[in-house]
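Visitor: Please show me the structure, and then let us go through the ligand and the space around it, with the reasons behind each term.

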Amino acid sequence: MLIIGLTGGIGSGKSTVAAALEAKGAVVIDCDALGREVIAPGGRAEQAVLRAFGPDIAGESGHIDRPALARAVFGRPDELARLTAISHPAINDELAARLDLLPDDAVVVLDMAILVESNLGRLADGRSYSKVVVVEAPTELRVQRAVARGMHEPDVRARIASQATDEQRRAVADAVVVNDADMAALAGRLDELWVRIGEWAQAGK
Ligand code: ADP
């Protein structure tokens, strides 16, 4: 099994690239979605997060109220670290369960906004991504794309400032997809990337 970590800053086009790789035959696992799943009712981390953060973050139903949890950690690095210390291992356990269900010849893409910044995708049993693909675009274009998608510009800029830098992502990249032009240009670059991914899969056999 070839496991690829796919990352990129907000507005870079990471989700667009993930969807295109899925259309080419990769199995995409959205780690942000897993993050929401593990704290949802019955999720692997629900009870531990409720215990750690107390009744303030519970809604009337007794389950986690996500906006309240977000407020509890926003701008508080220590609290955020306390949350991720619970949620990230749970995400990785969920990921392990998903990988167990896939065939040996699968090409798996882990769609991760935070790869450089976290241990997501590095499982307790030693499995991990063996290649990293980074999607990059100039900052102003990323801001434009995110604003066009409905986000507020100051929020986008704050998110960019809080995420890893292009240099930090490039330092761990096995391949960089530069998404600075139109969709046709991106499609061409992804055709090239898919050839490379095929070579990686072959080399791993
Ligand atoms: P990310 O997941 O990195 O935040 P998305 O893949 O959601 O970014 O892309 C952000 C927005 O930009 C989306 O609306 C997407 O359709 C658009 N987009 C991405 N790449 C291109 C491109 N090459 N040309 C035009 N629009 C693009």
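Guide: An oxygen atom of the ligand lies 3.2 Å from an N or O atom in the side chain of S12. This is a predicted model, in which local features need pLDDT of at least 70 and side-chain atom pairs count only at pLDDT 80 or more, while totals for chains, interfaces and linings use all residues. Residues are numbered from 1 along each chain as its sequence is written, and side-chain values use heavy atoms, with hydrogens and water left out.

Visitor: Why is the pair of the ligand and S12 called a polar contact?

Guide: A polar contact is a pair of N or O atoms within 3.5 Å, and the S12 pair, at 3.2 Å, therefore counts as one. The side chain of T16 has an N or O atom 2.6 Å from an oxygen atom of the ligand, and a nitrogen atom of the ligand is 2.8 Å from a backbone N or O atom of A181. Of the 560 Å² of accessible area that the ligand has on its own (Shrake-Rupley method, 1.4 Å probe), the protein covers 75%.

Visitor: What makes a residue part of the surroundings of the ligand?

Guide: One of its heavy atoms must lie within 4 Å of the ligand; 14 residues surround the ligand, and K14, S15, T16, R149 and N179 are the closest. Helix α1 (residues 14–24) gives the largest share of this shell, 3 residues.

Visitor: How do you know that the space taken by the ligand is a pocket?

Guide: On a 1 Å grid over the protein atoms alone, a pocket is an open set of points where a 1.4 Å probe fits, with protein on both sides within 12 Å along at least five of seven lines, and a molecule sits in it if more than half of its atoms lie within 2 Å of its grid points. The space taken by the ligand is the largest pocket, which holds about 1,800 Å³ of space. Its lining, residues with an atom within 4 Å of a point, numbers 47 residues, with D32, A113, I114, R159 and Q163 nearest the centre.

Note on methods: A polar contact is a pair of N or O atoms within 3.5 Å; within protein, one must be able to donate a hydrogen and the other to accept it, and residues adjacent in sequence count only if both atoms are side-chain atoms. Helices (H or I, at least four residues) and strands (E, at least two) are DSSP runs, numbered from the N terminus. Grid points are joined across faces, edges and corners, and a volume is the space filled by probe spheres set on the points.
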